[in-house]
Amino acid sequence: MARKKGRRVRHIPQRTCVGCREHSAKGDLLRLVRTPDGVFADPTGKMNGRGAYIHANQECLQAALGGSLEQALRTSLSAEDRERLLREGEKLSPKREEQEAAGEAA
Ligand SMILES: [Zn+2]
């Protein structure tokens, strides 16, 4: 409930993808969240815990799993976490360019 500014600026929240490090509108990114039970994808963006964002594609997921996700979430990914996130990644488009052509499953 911070009341720093009285102005209402229509601002699109930006987040950094931990995979490719580019900024995107929050809505274009998939939230990953650290919970006491491990790291999960959080498509609703409503789970409690420290979150990190990636573009919803396998390329950025793989890059994130290379270490930057662990840094962002300040945790170590267990083998289980990795497996779970990779499974999640199978639902995503393989590459960034293909996001716009989503639905064109080969
Ligand atoms: Zn990315």
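Tutor: Helices and strands are DSSP runs numbered from the N terminus, where a helix is H or I over at least four residues and a strand is E over at least two. Read along the sequence, this protein follows the pattern β-β-β-β-β-α-α, and its secondary structure comes to two helices and five strands. This is a predicted model: local features need pLDDT of at least 70, side-chain atom pairs count only at pLDDT 80 or more, and totals for chains, interfaces and linings use all residues. Residues are numbered from 1 along each chain as its sequence is written.

Student: What makes us say that β3 and β4 pair?

Tutor: Two strands pair if DSSP finds at least two bridges between them. Five bridges join β3 to β4, which run antiparallel, so the cut-off is met. One of the links is between arginine 34 and its bridge partner in β4, valine 39. A hairpin of two residues connects β3 to β4.

Student: And how many bridges join β3 to β5?

Tutor: Six bridges join β3 (residues 29-35) to β5, again antiparallel. Leucine 29, for instance, has histidine 55 in β5 as its bridge partner.

Student: Why are β4 and β5 called edge strands?

Tutor: The open sheet of three strands has the order β4-β3-β5, with antiparallel pairing. β4 (38-42) and β5 (50-55) each pair on one side only, and that makes them the edge strands. From one strand to the next, the twist averages 30° (axes are lines fitted to C-alpha atoms, for helices over the stretch in contact; angles run from 0 to 180 degrees between N-to-C directions).

Student: Which strands does helix α1 touch?

Tutor: Helix α1 (residues 58-73) packs on the sheet and touches β3, β4 and β5 (contact: C-beta atoms, placed from the backbone, within 7 Å). The direction of α1 makes about 160° with that of β5.

Student: How do you know whether α1 is bent or straight?

Tutor: A straight helix of 16 residues would reach 22 Å, at 1.5 Å times one less than its number of residues. The end C-alpha atoms of α1 are only 19 Å apart, which is short of that. There is also a kink of about 70° centred on leucine 65, taken as the angle between axes fitted to the seven residues ending there and the seven starting there. So α1 is bent.

Student: Why is glycine 45 called partly exposed?

Tutor: A residue is buried with 20 or more other C-beta atoms within 10 Å of its own, exposed with 12 or fewer, and partly exposed in between; C-beta atoms are placed from the backbone. Glycine 45 has 13, so it falls in between. Glycine 45 is found in the loop between β4 and β5.

Student: What puts the buried residues of α2 on the same side?

Tutor: In α2 (residues 79-89) the buried residues are Asp81, Leu85 and Gly89. They cover an arc of only 75° around the axis (the arc of the directions from the helix axis to the C-beta atoms), so they lie on the same side of α2. An α-helix has 3.6 residues a turn, so residues three or four places apart point the same way. On the other side of α2, Ala79, Glu80, Glu83 and Arg87 are exposed.

Student: What do the buried residues of α2 pack against?

Tutor: They pack against β4 and α1.

Methods:
Two residues are in contact if their C-beta atoms, placed from the backbone, lie within 7 Å.
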